[in-house]
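Good morning, and thank you for making time for this item. Please look at the chain on the screen while I go through its strands, its cores and one of its pockets.

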Amino acid sequence: MHISSFIFWFQNEFKTFLTAAGHKLAVVEFSSTWCGPCKRMCPIFHAMSVKYQNVFFANVDVNNSPELAETCHIRRIPTFQMFKKSQKVTLFSRIKRIICCYRSGVMSNPIFEFCGADAKILEAKIQELM
């Protein structure tokens with residue numbers, strides 16, 4: 001999916017996008033046009049949307065969508081959140097997974113999000129979660 005098709009201003013559009021992604025990975029970039037690191041990531045994020053055709057990509061401009069940014073708890077930009085089945089992807093470190101599973105038999109759900117303009121880390125997480 002190319003990101004140019006998915007730029008959100010409203011929560012209902014965002015929910016529709018996540019529903020359409022279904023079981024596939026959805027990567028959402030929260031950014032702004034005035035942000036230097038966001039400007040650097042924009043062409044890289046677009047290139048990833050072309051490279052990973054089985055992943056849904058979208059952008060939320062925090063200035064145009066302040067309520068959506070607040071709902072998603074965005075505190076810094078750029079922030080990248082990842083979703084599957086309309087839910088934020090949860091990620092565990094190996095140690096947390098071992099401790100959690102061993103003690104309770106149930107895993108807690110820390111939410112994964114990536115803040116900053118490090119394309120290598122972002123791409124590694126996309127590859128890991130596809």
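I begin with a strand pair: S2 and S3 run parallel to each other and are joined over 6 bridges. Please keep in mind throughout that this is a predicted model. Two positions fix the register of the pair for us. Ala-26 of the one strand is set opposite Phe-56 in S3, and Val-28 is set opposite Ala-58 in S3.

How are S2 and S3 connected in space? Together with helix H2, which covers residues 36-51, they form a β-α-β unit, and that unit is right-handed.

S2 has another neighbour as well. With strand S4, residues 79-84, S2 pairs in the antiparallel sense, here over 5 bridges. In this pairing, Val-27 has Met-82 of S4 as its bridge partner. S2 therefore takes part in a parallel pairing with S3 and in an antiparallel pairing with S4.

Let me turn to burial, strand by strand. How many of the residues of S2 are buried? The count is 6 of 6, and the strand is mostly covered. Both of its faces are covered: one side carries Ala-26, Val-28 and Phe-30, the other carries Val-27, Glu-29 and Ser-31, and all of these are buried. I would draw your attention to Glu-29 and Ser-31, which belong to that buried set.

For S3, the count is likewise given in full: 6 of its 6 residues are buried, so the strand is largely enclosed by the rest of the structure. Its two faces are both covered, with Phe-56, Ala-58 and Val-60 on one side and Phe-57, Asn-59 and Asp-61 on the other, all of them buried. For the chain of 130 residues as a whole, buried residues make up 38%.

Next, the nonpolar cores. The largest of them has 16 residues, and the members with the most contacts inside it are Phe-14, Phe-17, Ala-26, Val-28 and Phe-30. Which elements give two or more residues to this core? They are H1, S2 (26-31), S3 (56-61) and H3. H1 supplies the largest share, 4 residues. There is also a second, separate core of 15 residues, and among its members are Leu-25, Val-27, Met-41 and Phe-80. Placing this beside the strand faces, Ala-26, Val-28 and Phe-30 share one side of S2 and are listed in the largest core, whereas Val-27 is on the other side of S2 and is listed in the second core.

I now come to the second largest pocket, which holds about 160 Å³ of space. Its lining consists of Gln-11, Phe-14, Lys-15, Leu-18, Leu-68, Thr-71, Cys-72, Phe-83, Ser-86 and Lys-88. Helix H1 (11-21) and helix H3 (66-71) are the elements that contribute two or more residues to this lining. The largest share, 4 residues, is that of H1. By class, the lining comprises 5 nonpolar, 3 polar and 2 charged residues. Phe-14 appears in this lining and is also named among the best-connected residues of the largest core, those with the most contacts inside it.

A few points of backbone geometry remain. Where is Pro-78 found? It is in the loop between H3 and S4. The peptide bond joining Ile-77 and Pro-78 is cis, with omega about -10 degrees. The loop between H3 and S4 also contains His-73. The phi angle of His-73 is near 60 degrees, a positive value in a residue other than glycine. His-73 is partly exposed, at a relative accessible area of 48%.

Ser-86, one of the residues lining the pocket, is in the loop between S4 and strand S5 (87-88). Its phi is near 65 degrees, again positive in a residue other than glycine. Ser-86 is partly exposed, with a relative accessible area of 32%.

To close with the overall layout, the chain has 5 helices and 6 strands. Along the sequence they follow the pattern β-α-β-α-β-α-β-β-α-β-α. Thank you for your attention.

Notes. Residues numbered from 1 in each chain as written. Predicted model: local features only at pLDDT ≥ 70, side-chain atom pairs only at ≥ 80, totals over all residues. Heavy atoms only, no water. 1 Å grid on protein atoms, 1.4 Å probe; cavity = no way out; pocket = protein on both sides within 12 Å on 5 of 7 lines; lining within 4 Å. Points joined across faces, edges and corners; volume = space filled by probe spheres on them. Nonpolar A, V, L, I, M, F, W, Y, C, P; charged D, E, K, R; others polar. Core = buried A, V, L, I, M, F, W, Y, C linked by side-chain atoms within 4.5 Å. Buried < 20%, exposed > 50% of the residue type's maximum accessible area, 1.4 Å probe, protein only. Pairing = 2+ DSSP bridges. Right-handed = clockwise from strand over helix to strand, strands pointing away.
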